[in-house]
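Colleague: I'd like to learn how to read a model like this one. Could you walk me through it?

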Amino acid sequence: MRRTRRHEAPRGLFCGIGACHDCLVRVDGSAPVRACLTPVRDGMAVTTHVLGEGAIVSDRRVPLVVLGAGPAGVAAARAAVEARVAVVLIDLGARLGGQYHRREPEAFATSAPGALHHGWARWSEDVTHLERSPRFTHVAGAGVWAIQHLADGGMRIATDREDLPSFETDALIIATGANERVVPFPGWDLPGVLTVGGAQALLKGQGMRPGHAVVISGAGPLLLPVAAALARVRTNIVALTDANDPRRWLSGSPRGIPLSKVREGASHLATLARHGVRLRPRTAAIAAHGDGRVEEVVLARLERDWTPIPGSERTVTADALATSHGFVPDIGVAVGLGCRLDTQDASAPAVVVDRSQATSVPGVWAAGEVTGIGGADVAVHEGRVAGLAAALMLGGDVDEDELERAIARRRADAPFLRTLAGVLTVGDGWTSWLTPDTTVCRCEEVTLATIDEAIERRGACDLRSVKLTTRCGMGHCQARICGPSVAALLTARTGQPPADAGALDRRPVLHPVPLGRL
Amino acid sequence: MSRWADYAAELSEGFEYEPKGGVVIATDDASRAGLVDLVSRHRDIGVSAQLLDADGLREAEPHLAHDLDLGALYPDDAQVQPVLASSALLADARRLGAEVRSGNEVLGFSFDSDGRVAAVRTTEGTFGAGAVVNAAGPWSSALARLAGTDLPVRPRRGHLLVTAPVGRLVHHKVYEAGYVDTLTADTSEAQVSAVVESTPSGTILLGSSRELVDFDTTVDLDVVRRIAQRARRLFPILAEVDLLRIYVGFRPWVPDHLPIIGEDPQVRGLWHATGHEGAGIGLAPATGQLIRAGITDTPPPVDPLPFRVARPSLMAAAAARTAHG
């Protein structure tokens, strides 16, 4: 879609959800836009990206802003609106749903929109309720590029929409979700390699398969549903591999996995089996090769810590590789506001919240994946708590028993979350998949060798100094993709987690905004 | 300045040294007169500078706004990437035998019976030393206080905007002529004037603001907007370019705008190398040479007197502060 600035290397669709900026194009000569967020119209002239897109105007004040239109954000908005508090919900996407309930653009609407989605009935009920409420405003297709604390305790929100005034709010609920984590390997920057979420976005959003011969490889709960959905539309799946062993939880042996999740996993496996696709556990795509795009993928069996077993490598022919290795909370907004973080896993810091989802910053709540990976059901429970708690503080019509019941329901998720944390692991051995010339930061094309030079010779000892000496995380995506890998590499090289975990998520400009719109 | 060129040739770690020259541009009538005067004063003291008319400006910077018609070229102006430059010098210092202890906080000093600094106490232990150099930039007053002495260094906050990579739209380091006046306007209100330059990584850096507001790292969106406006006044094409990052940082400010380089008159053995405000990177090599000459008692590369700690202009400022209570 575009070529990189330094090596003029070609790039294709990668993350599919607006994070990586690999798919920048111009539409009808416009400023560059992310193709994955831009619905196609008839007669559009789409050209390759070369130069600079974004708004800030009035002084309206609203009581409550919710950032993010996924399960947590929508549940929070609904709870607040029910308590008679006016809510402005802002999201990058054109429609409510976030990444989880991603829907076809109107123009591609299929006869049964719910067919590809999970939990559709509860979701539609929430959305219908919200859309009918006079207290609810949905600001769609807007990137919030900055949030500034005001002296009176409120916040100023600056968005990149030309028609949208920047405005003030008394309170904020952060429901920004998570980004997919992809560990780097040789060839992961070739067109044709995309995230599992990117493949899902293509399928759900555009009704397209990622390729003619597809390898699906990685780890985490997204692999099976996406593989099953691709199998259902008769995609040629060359291989499906998980670096961990999902049979561990599919067998239902760890405590805390709800039976419904086990059934869901088993049903995906059954779908895959019907289409002749077998899941290979403890196996990963550790390299991709090709001239200008993916042509071959190297698969290897792995030790428990993801170190490849020597001699187990085999090469398969494929024109697409869908890969990702779990999720990391999207904490950029929270970091900018100064919210306290849990940095126990330096590669995936999460926002710390109390029992009512309040962050350490007064007037700011957080719900959903941004507080730790827990899935859509937990996100809905947290969203409801945050919405009620914020509404209570804002003088809304909240019955405190109702809030306590919501808190109790969220507390009941604890055993599941503990088990999940033990299952969704990224083995340290992936660092041995890389060669010195493997790209780690896709935007700035920074290789492993450059990072090693910074650590070993220039004395870079924390995330900030690695960023400033190598340019890792300085490009368009602002470390959304490479951040977790850089933290893990630094930990591996220095033998201890970086003292400034979360530093790569400090983004004074949350989304790129054209200088002309400031 | 030429010392940076030598380092660029000598050191194995690169730091984006670019001897690209600077261009100062007049944007209104007041700054036109000021610029003509500035160029003539600079030439008198041996700095190369030449005035540029509209055509000269267009040739130097094709994307400049068309109504701008007076500027000055400073061919000897050069740029380095400061973090890479520091880390390259550190790597070299290590090769020469220096030991670097990062993440190590100074807690205080120990003195010998003559009151001379004898050791530095830190979170990682005590280090005996015949001389200690205070190069803590905006934090150098705090460090000096730990040694029982006073420095008039304060943090002067600046915002720096960085765009998405767009390639070489700007060829020199380009300053708005008003920049020179903001250097000496010492207020807590933000002084804003445009400094625009491309970097080897394809981004464009937009400065600058100066305000005396202590160590406040909050991004001020109003200052950001004003910097963007000033920069677009010079280069209208920037309206289309994405803003990607904002840095807030602190320059070591002193009341008379000259660096403080030399031994502390009250605490012998404590040497200060601070107070360069925005010129610290450019002047770092010369500062190092002055400090070395002082400590080793060898001939200095330039006259060190104007930079001494106990100079009349700083004493006057200190007296005024005391009088104000």
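**Strands, chains and cores**

Modeller: Sure, and keep in mind that the model is predicted. Let's begin with one pair of residues: B:Leu161 sits opposite B:Leu206 in S11(B). Their strands, S8 (residues 154-163) and S11 (residues 204-210) of chain B, run antiparallel and are joined by two bridges.

Colleague: In what order do the strands of the open sheet come?

Modeller: There are nine strands with mixed pairing, in the order S27(A)-S12(B)-S8(B)-S11(B)-S10(B)-S9(B)-S1(B)-S3(B)-S2(B). To find the edges, look for strands that pair on one side only: here, S27 of chain A and S2 (50-53) of chain B.

Colleague: How does S27 of chain A run relative to S12(B), parallel or antiparallel?

Modeller: Antiparallel, with two bridges joining S27 (residues 513-514) to S12(B). A:Pro514 has B:Asp242 as its bridge partner.

Colleague: How many residues does each chain bring to the contact?

Modeller: Chain B brings 29 residues and chain A brings 25. On the chain B side, the elements giving two or more residues are helix H4 (82-95), helix H7 (221-234) and strand S12 (242-253). By class, that side has 18 nonpolar, five polar and six charged residues.

Colleague: Which strands does H7(B) lie across?

Modeller: H7(B) crosses S1, S8, S9 (173-176), S10 (191-198), S11 and S12 of chain B, at about 55° to S10(B). Helix H2 (residues 29-44) of chain B lies across S1 (22-25), S2 and S3 (70-74), at about 25° to S3(B).

Colleague: And the cores? What is the general idea?

Modeller: In soluble globular proteins, nonpolar side chains tend to be buried together. Here the largest nonpolar core has 116 residues, and those with the most contacts inside it include A:Val66, A:Ile173 and B:Val196. Helix H8 (residues 375-393) of chain A gives the most to this core, 10 residues. Another core, of 87 residues, lies apart from it, with A:Cys23 and A:Val298 among them.

Colleague: What does A:Ile173 touch?

Modeller: Leaving out residues up to four places away in sequence, its contacts include A:Leu64, A:Val66, A:Ala76 and A:Trp365.

Colleague: Why is A:Arg301 classed as partly exposed?

Modeller: Count the neighbours: A:Arg301 is partly exposed because 18 other C-beta atoms lie within 10 Å, and burial takes 20 or more. A:Arg301 lies in strand S18 (residues 296-301) of chain A. Beyond its neighbours within four places in sequence, A:Arg301 contacts A:Arg282, A:Thr283, A:Ile309 and A:Ser312.

Technical notes: Residues numbered from 1 in each chain as written. Chains lettered and ligands numbered in written order. Predicted model: local features only at pLDDT ≥ 70, side-chain atom pairs only at ≥ 80, totals over all residues. Contact = placed C-beta atoms within 7 Å. Helix = DSSP H or I, 4+ residues; strand = E, 2+ residues; numbered from the N terminus. Nonpolar A, V, L, I, M, F, W, Y, C, P; charged D, E, K, R; others polar. Pairing = 2+ DSSP bridges. Buried ≥ 20, exposed ≤ 12 C-beta atoms within 10 Å, placed from the backbone. Axes fitted to C-alpha atoms, helices over the stretch in contact; angles between N-to-C directions. Core = buried A, V, L, I, M, F, W, Y, C linked by C-beta atoms within 7 Å.
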